[in-house]
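Q: How does one read the spaces inside a protein model and the surroundings of its ligand?

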Amino acid sequence: MLESELIWGTGLLAGLVIVAALVNAVRPAHRSRLRRAITLLILYGIALGGAYAFRAADQPEWSKGFFIGADVMRAFTLATLAALFTFSVLLPGVGVVLPMIASDLIVGIGYIVATFAILSHHGVNPTGALVSGAVVSAVLAISLQSTLGNIMGGVALQLDGSIHEGDWIQLENGKQGKVRAIRWRHTIIETRDWSTIVVPNAALLAGNITILGKRDGQSTPQRMWVWFNVDFRFPPTRIIQVVTDAILDAPIENVASDPRPNCVCMDFNRDGKESFATYAVRYWILDLAPDDPTNSRVRARIYTALRRAGIPLAVPAHTAFVELKDEQRTAKRDDRQLEERLTALETVHLFKAFKPDELRTLAAGMSHMIYTAGERITRQGAVAHWLYVMTSGTADIRVATHDGEQAIVAHLKAPDFFGEMGLMTGEPRTADVIATSDVDCFRLGKASFQQVLLQRPEIVGELSDKLAARRVELMAVREGLDAAAMKAREASERDRILGSIKSFFGL
Ligand code: CMP
């Protein structure tokens, strides 16, 4: 008997030394788990010593009790060593790392099974032990209610797999950190400031926690916002273009290339008291730990791009607008604006036959307009009597075809004009005109045009020729006309348009 116990003892000690060496080599972080095995082995030795001592003192009952205890401790030591080998050496070796709670649970079940097996082997009634165990458990459960809540929380966290070690989370109080370990009673979270938050598991489950940078089925990195302000003098489309070009041009360290970073205008006049628009660059961060350094790199990219483009970041502006209104100054400004409009009108071949004073009349009635990419400047079917002269930008002429699709009839690029049909014939707009970039233009209304026509009605003939040519081009797309049909149509369209202009302007 003593001999077999000696073999067992030596075997367990050798096992402990081997497992300790392996744990040390494969997963040194688990070294603390060896403590339990050592304690159990010592308890095994003590129980065995006690059993032999009582036997020598002729106390067979006590001796038997200690032998049973020694058996139980031996089984526990064996189970602990097996678990250590499996969870800290074998599984990590093949890349599987189970959380501590999971391995503890498995070992705990092993202990219970071993205890029952040993008790029944020694002829002790396990149900009696079960009943007294249940009473003790009930007493413990009542006195350790909050601790048990945390323990159950820990088990639930493990089972539903909502949080894993290594996840970045944000707590309800706004603090962010990386989950280092989920323990029985608490979860350990390490923050970027190198502090550690210990959150009781029950509290973790009761509140809303945000798992950062995680989306079902995808490993999407977290979206980050970098804000900046630019004052109203600079159009949003230009700011967005300049910043987008700069952030996409070359990769930025720790910024994901997919999804691509982007820039948006988020607000005008934030808080109602500032004179700038608020913009944001949104990007997806690859590693959440260095968030501030990455934001800083993105800010530096934004700043230099804006500086290159001559666009300053907004400064708090408390501006008093002082306007000196003397006649000379006003006349000079009016002259300058008229010149700009005349220059624009000279690019319109429709007005080639107009005399300088007639062009001046038209210019006086023009107003400045801007549009941004994607905006619809005229809508097919709408009734509006404006002609637009583009000074910069591009636009598409789009028309609805028979099958309800949209077809592009022409691309316009400044200098060019559109809207002449609506202005001159009064007919509904024949097409949509969509800005395909920022468009700068002047808009001419019916009144000043009528003024010129009434003075020189004969120019109507030439205008009708030019209008008919565009009109037939449009019909060709809509109705699929060939060259011969187009030629035939042009003559009839010319007459029809002439009639329309005359009646619209009462000539
Ligand atoms: P309007 O009909 O007033 O509004 C839509 C405008 O689209 C139209 O005037 C023209 O100025 C323009 N447009 C229509 N067809 C063409 C075309 N084939 N080429 C260029 N511009 C066109």
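The turns below deal with empty space and then with the ligand in this predicted model.

Q: How is empty space found?
A: Rolling a probe the size of a water molecule over the atoms shows where empty space is left. In this structure, the search finds one cavity of 30 Å³ or more. The largest cavity holds about 120 Å³ of space.

Q: Which elements give two or more residues to the lining of the largest cavity?
A: They are α3 (60–93) and α4 (100–121). The most comes from α3, with five residues. Among the lining residues are Arg33, Arg36, Phe87 and Asp104.

Q: How do the residues of that lining divide by character?
A: Four are nonpolar, three polar and three charged.

Q: Where does the ligand sit?
A: The ligand takes up the space of the second largest pocket. Two or more residues of the shell around the ligand come from each of β13 (406–413), α12 (420–425) and α14 (459–479).

Q: Which residues come nearest to the ligand?
A: Of the 16 residues around the ligand, these are Gly419, Glu420, Gly422, Arg429 and Thr430. The shell divides into eight nonpolar, four polar and four charged residues.

Q: What polar atoms lie beside the oxygen atoms of the ligand?
A: A backbone N or O atom of Gly419 is 2.7 Å from a ligand oxygen atom. For a polar backbone atom of Gly422, the distance to an oxygen atom of the ligand is 2.7 Å. Thr430 has a side-chain N or O atom 2.6 Å from an oxygen atom of the ligand.

Q: How much of the ligand does the protein bury?
A: Taken alone, the ligand exposes 450 Å², and the protein buries 98% of that.

Conventions:
Residues numbered from 1 in each chain as written. Predicted model: local features only at pLDDT ≥ 70, side-chain atom pairs only at ≥ 80, totals over all residues. Heavy atoms only, no water. Near = heavy atom within 4 Å. Polar contact = N/O pair within 3.5 Å; in protein donor to acceptor, adjacent residues only side chain to side chain. Areas by Shrake-Rupley, 256 points an atom, 1.4 Å probe, with all protein chains shown as cover. 1 Å grid on protein atoms, 1.4 Å probe; cavity = no way out; pocket = protein on both sides within 12 Å on 5 of 7 lines; lining within 4 Å. Sits in = over half its atoms within 2 Å of the grid points. Helix = DSSP H or I, 4+ residues; strand = E, 2+ residues; numbered from the N terminus. Nonpolar A, V, L, I, M, F, W, Y, C, P; charged D, E, K, R; others polar. Points joined across faces, edges and corners; volume = space filled by probe spheres on them.
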